[in-house]
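Me: I am new to this structure and should be grateful for a close look at a single part of it. Please take one strand and describe its surroundings in a connected account.

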Amino acid sequence: MSGDATPKFLWLDGELVKWEDATIHISELGWSTVGGVFEGIKAYWSEKDGELYVFRLKEHLERLHRSMRLTRLPIHNSVDELTDAVTGLLRACESREDTYIFPMAFQKNSFTDRWNMLEQESRLMIHARPVPSHLFSGHTLHAGISSWRRISEDVMPPRIKNLSNYRNGQLARMGALESGYDTAIILNQQGKVSEAPGACIVMIRDGKLITPDLTQSVLESITRDAILTLAREDLGMDIEERVVDRTELYLADEAFICGTHAEITPVVSVDRFTLGDGGVGPVTRQLETALDNAFRNGTPSRAEWRTAVGVPATVGSTA
C-alpha cells in the first residue's frame, strides 16, 4: 500500500470490501455521523523484526466500545472480533510501513430515522492508510491560547472520540492559524488548560511532568497514558495530573502535544512566550526515544502494548 494510492480493501460490517465497492448514499451524509464515533490507531513497521505492530490495539478498541455506549450506538462486534478485523485488513492491504487505522461507527438509515435515536441501528467500517511517524523529525509548534472554550461534560462527553466533538478543536485551530500560530491550546469552562485540537498537552517544569487531569474536559488519551507510564517507570520522573493555569505554560521548561497522530510534537512557544531555549527539550527527546521503542519493539519491554500483524515478508508470500 503506497501513500499515493487508495488501499485495496476496507472492512465494513464484518466483511473485507474492495475500496471502490464501499459506498454509502449521499443522502446519508452528515446526520449519520453527528453521533458517529471513531478511533485513531497507529501501526508501526519494525525493520529489525520485519513485522508490523499495532500500538495498544486492545485499549483503542475498548475505548471505541465506550464511545459507542455513550452515543447509544449498538455494538455488534467484540474486541477480539475487531482485533481480527484490524489485523486481517492490514494483511489484506499488504501494509509494510507506518499505517494509520481508522475505525468509525455511525448510524444506519439516518435519512429516514435521524431522530429515532433510542432505536437506531449502527454500522462499523475500518480503513487504513500509510502515515509515516514524525518522531525525531525536529518539527515544532508555536501555540496560542484559543478564544474558543473546550466542550464540557454538560455539553457533550469530551472524554470520548465523537466526531461532533472535533468541530470544537477545528474552530480553535483555524483561529490559531489566522493569528499566525501553528496550533491552539484550548481552555475549559473554568479557564484552565484543557488540551490542543485533537491532542493532549504535557509540560515539563522543574524536572516534573505536568498535564491536566482527566476531569479538565480532556479526551481519555491512550497515548497520553503511555507517555505518563514511560516517564514514571522508564525515566523515573515525578508526574502531576492536576489543574493547570495558562500562565504555567508560559513558564514551562518544555512542552509537547501528544496523541495517536501527534505522537509527541514539541511546542516551543505559547502566546509568543518562548519555552526553554526555544528548541526540542532533553526530556522530550528522551520520551520520543522511549515511545518509538515501544512502537517498534526497540526494547524487550512493553510487549503487551504491541499486536503483531503477521504481514508476509514479501508480496504474494504464502508463509
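Reply: The account below begins with one strand, follows its neighbours outward, and then turns to other parts of the chain for context.

The model is a predicted one. The part chosen is strand β12, which covers residues 208–212. Of its 5 residues, 4 are buried, that is, they have under 20% relative accessible area. The strand is therefore largely enclosed by the rest of the structure.

Two strands may be considered as partners of β12. One is strand β11, made of residues 200–205, which pairs with β12 in the antiparallel sense. This pairing rests on 3 bridges, and in one of the bridges between them isoleucine 204 is matched with leucine 209 of β12. The two strands form a hairpin, with 2 residues lying between β11 and β12. In that turn, aspartate 206 has a positive phi of about 55°.

The other partner is strand β13, residues 238–242, which runs parallel to β12. Here 5 bridges join the two strands. Proline 212 is placed opposite arginine 242 of β13. The connection between these strands involves a helix: β12, helix α6 (residues 222–233) and β13 together make a β-α-β unit, and this unit is right-handed.

A residue of the hairpin partner shows the surroundings in greater detail. Isoleucine 201 has its place in strand β11. Its relative accessible area is 3%, which is under the 20% limit, so isoleucine 201 counts as buried. Leaving aside residues up to four places away in sequence, isoleucine 201 touches Thr211 and Pro212, as well as Ile185, Val193, Ser194, Glu195, Leu249, Phe256 and Ile257. Pro212 is thus a contact of isoleucine 201, while it also stands opposite arginine 242 in β13. The C-alpha atoms of isoleucine 201 and isoleucine 145 are separated by 12 Å, and these two residues are 56 places apart along the chain.

The helix of the β-α-β unit leads further outward. The axes of α6 and helix α8, the latter formed by residues 282–296, come within 10 Å of each other and cross at roughly 110°. An angle of this kind falls between 65 and 115 degrees, and α6 and α8 are therefore roughly perpendicular to each other. The crossing of α6 past α8 is right-handed. On the side of α6 the contact is made by Ile227, Leu230 and Ala231, and on the side of α8 by Leu287, Ala290 and Leu291.

Another pair of helices may be set beside this one. Helix α2 (residues 57–70) and helix α3 (residues 79–92) pack with their axes 10 Å apart, at an angle of about 120°. α2 and α3 are therefore oblique to each other. Their crossing is right-handed. Among the residues that make the contact are Leu57, Leu61 and Leu64 of α2, with Val79, Leu82 and Val86 of α3.

Another hairpin completes the account. Strand β1 (residues 9–12) and strand β2 (residues 15–18) pair in the antiparallel sense over 4 bridges. Leucine 12 lies opposite glutamate 15 in β2. This hairpin has 2 residues between its strands, and aspartate 13 takes a positive phi near 50°. β1 is also joined by 2 bridges to strand β7 (residues 121–130), the two running antiparallel. In that pairing, tryptophan 11 stands opposite isoleucine 126 of β7.

Terms used: Residues are numbered from 1 along each chain as its sequence is written. This is a predicted model: local features need pLDDT of at least 70, side-chain atom pairs count only at pLDDT 80 or more; totals for chains, interfaces and linings use all residues. Side-chain values use heavy atoms; hydrogens and water are left out. Buried means under 20% relative accessible area, exposed over 50%, partly exposed in between (1.4 Å probe, protein chains only). Two strands pair if DSSP finds at least two bridges between them. A crossover is right-handed if, with the strands pointing away from the viewer, the path from the first strand over the helix to the second runs clockwise. Axes are lines fitted to C-alpha atoms, for helices over the stretch in contact, and angles run from 0 to 180 degrees between N-to-C directions. Angles under 35 degrees count as roughly parallel, over 145 as roughly antiparallel, 65 to 115 as roughly perpendicular and the rest as oblique. A crossing is left-handed if the near helix is turned anticlockwise from the far one by less than a right angle, and right-handed if clockwise. Contact means heavy atoms within 4.5 Å.
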